[in-house]
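This report covers the pocket, the sheets and the relation between the chains. The sequence and the structure come first.

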Protein chains: 2
Amino acid sequence: MVANEKLPHPEREDIELTAVLFALSDEARLALVQQLKEGPMDMANCSALDPNAPKSTRSHQVKVLREAGVIISELHGRNRRLTLRRDDIDARFPGLLESVLQEESALQE
Amino acid sequence: MVANEKLPHPEREDIELTAVLFALSDEARLALVQQLKEGPMDMANCSALDPNAPKSTRSHQVKVLREAGVIISELHGRNRRLTLRRDDIDARFPGLLESVLQEESALQE
DNA sequence: ACCATGGTTCGATAATAGTTGAACTGTTTG
DNA sequence: CAAACAGTTCAACTATTATCGAACCATGGT
């Protein structure tokens, strides 16, 4: 039972490849996904989301990933806990996440 | 020896993941890449490039894929022969193309 | 109940991307 | 060499995305 799911997430079968690719085609969003491969994180702790940026900007980046079906964003205390939808993406597009997550350059430069 | 290479193509090591993902995040461009997995094709014969669209539009779509390093566009007679850079993409991002090319939906709907 | 925290939403503006016609380039064919 | 063909480039326009401040909303702590 997932707590308080107010923000819409696409069902697995509604996840579209082009939307996923687009969501991942941004350095910042890709870096965030890289960070989430280790496990769920609270949004406030994600260093990949520039802490200097306004929160509306951070919220927007997360929204794009969420609406594409790449991550789940659920209420957890007063934070948002972000979880990579690894199973769903793997089921829809086998091998895609693995190949993207291998790449380290997004975090380095 | 490749014939008459006037248009710039990035070197293998300069191909960026985000640029590739972005190039593939468009239905039309993805469909073109799907079509090219069978082998090189002349631009004029690619049904994935809407034949009703103006040629400047088709040229633009090809340009995005070329500049991202996804395809090679070389002069071949009075056509452009398009070739998927499978080896280069595989070398840079192993598994990525395979996972994207498995997906059929782009050609179907 | 109040306040601080962490985030969302809205609306405006800036930046980036796509579309297209017209003019131009290179190549084949007559 | 001229016309036709295939495509590129340019410039103007449209459309989509991103950024950001301000107002708002829910939760946790006191």
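In this predicted model, H3(B) gives the most to the lining of the largest pocket, with 3 residues. A pocket here is an open set of points on a 1 Å grid over the protein atoms alone, where a 1.4 Å probe fits, with protein on both sides within 12 Å along at least five of seven lines; lining residues have an atom within 4 Å of a point. Helices (H or I, at least four residues) and strands (E, at least two) are DSSP runs, numbered from the N terminus. Helix H3 (55–68) and strand S3 (79–84) of chain B each supply at least two residues of the lining.

The largest pocket holds about 220 Å³ of space, a volume being the space filled by probe spheres set on the grid points, which are joined across faces, edges and corners. Its lining has 13 residues, and B:Met43, B:Ala44, B:Asn45, B:Lys55 and B:Arg58 lie nearest the centre. By class, the lining of the largest pocket has 5 nonpolar, 4 polar and 4 charged residues (Ala, Val, Leu, Ile, Met, Phe, Trp, Tyr, Cys and Pro count as nonpolar, Asp, Glu, Lys and Arg as charged, the others, Gly among them, as polar).

In chain B, 3 strands form an open antiparallel sheet in the order S1-S3-S2. Its edge strands, S1 (41–42) and S2 (71–76), each pair on one side only; two strands pair if DSSP finds at least two bridges between them. In chain A, 3 strands also form an open antiparallel sheet in the order S1-S3-S2.

The table lists how helices lie on the sheets. Contact means heavy atoms within 4.5 Å; axes are lines fitted to C-alpha atoms, for helices over the stretch in contact, and angles run from 0 to 180 degrees between N-to-C directions.

| Helix | Strands touched or crossed | Angle |
|---|---|---|
| H2(B) | S1, S2 and S3 of chain B | about 85° with S3(B) |
| H3(B) | S2 and S3 of chain B | about 120° to S2(B) |
| H2(A) | S1, S2 and S3 of chain A | about 85° to S3(A) |
| H3(A) | S2 and S3 of chain A | about 120° to S2(A) |

A rotation of 180° with 0.0 Å of shift along its axis superposes chain A on chain B, at RMSD 0.0 Å. The two copies are thus related as by a two-fold rotation axis. Superposition is by least squares on the C-alpha atoms of residues with pLDDT of at least 70 in both. Of the interface residues of chain A, 100% are also interface residues in chain B, so the copies meet through the same surface.

Residues are numbered from 1 along each chain as its sequence is written, and chains are lettered from A and ligands numbered from 1 in the order in which they are written. Local features need pLDDT of at least 70, side-chain atom pairs count only at pLDDT 80 or more, and totals for chains, interfaces and linings use all residues, while side-chain values use heavy atoms, with hydrogens and water left out.
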